[in-house]
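Good morning, and thank you for making the time. I should like to take you through one model, with its confidence first and its details afterwards.

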Amino acid sequence: MLKVCVQCGTTWDEVLTEKRVGCVHCYEAFSKEIKSLKALYFGKGAFSEVEPPQQKKPENSGKLLELKERLTGLIQQERFEEASKLKDEIYRLSEHGSH
Ligand SMILES: [Zn+2]
């Protein structure tokens, strides 16, 4: 099924390839498609925000706290190179090391 904007004659295929709409009426004509496209783009991010709590290991959060305290200390001492390395480690731990 080929959808076309009746105002400017732009097809949904053209919107996808040109990455822009022909006129303001296109938003109305392709509202369903645009909506599903947005869900495709933003759905992934929304999904990764959902963290199952049972996967958080208690020893991880304890270590995380310790590392964060150390990070604060390093920043106060202006040891930014070490701090950035520690930041990476904290990031990995907070992502429950799945990457
Ligand atoms: Zn149009």
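I shall cover confidence, then the nonpolar core, then two backbone angles.

This is a predicted model: local features need pLDDT of at least 70, side-chain atom pairs count only at pLDDT 80 or more, and totals for chains, interfaces and linings use all residues. Residues are numbered from 1 along each chain as its sequence is written.

The chain has a mean pLDDT, the predictor's per-residue confidence from 0 to 100, of 80, and 76% of its residues reach 70 or more. Helices here are DSSP runs of H or I, at least four residues, numbered from the N terminus. Confidence is highest in helix 5, at 91, and lowest in helix 3 (residues 31-49), at a mean of 67. Over residues 46-50 pLDDT stays under 50, and the model has zero contacts (C-beta atoms, placed from the backbone, within 7 Å) beyond four places in sequence for them.

Which residues make up the largest nonpolar core? There are six: C5, W12, V15, C26, A29 and F30. Helix 1 and helix 2 each supply at least two of them. Such a core is a set of buried Ala, Val, Leu, Ile, Met, Phe, Trp, Tyr and Cys residues joined through C-beta atoms within 7 Å; buried requires 20 or more other C-beta atoms within 10 Å, and exposed 12 or fewer.

Finally, K19, which is not a glycine, has a positive phi of about 55 degrees. K19 lies in the loop between helix 1 (12-18) and helix 2 (24-29), and is exposed, with 7 other C-beta atoms within 10 Å.

Key:
Helix = DSSP H or I, 4+ residues; strand = E, 2+ residues; numbered from the N terminus. Contact = placed C-beta atoms within 7 Å.
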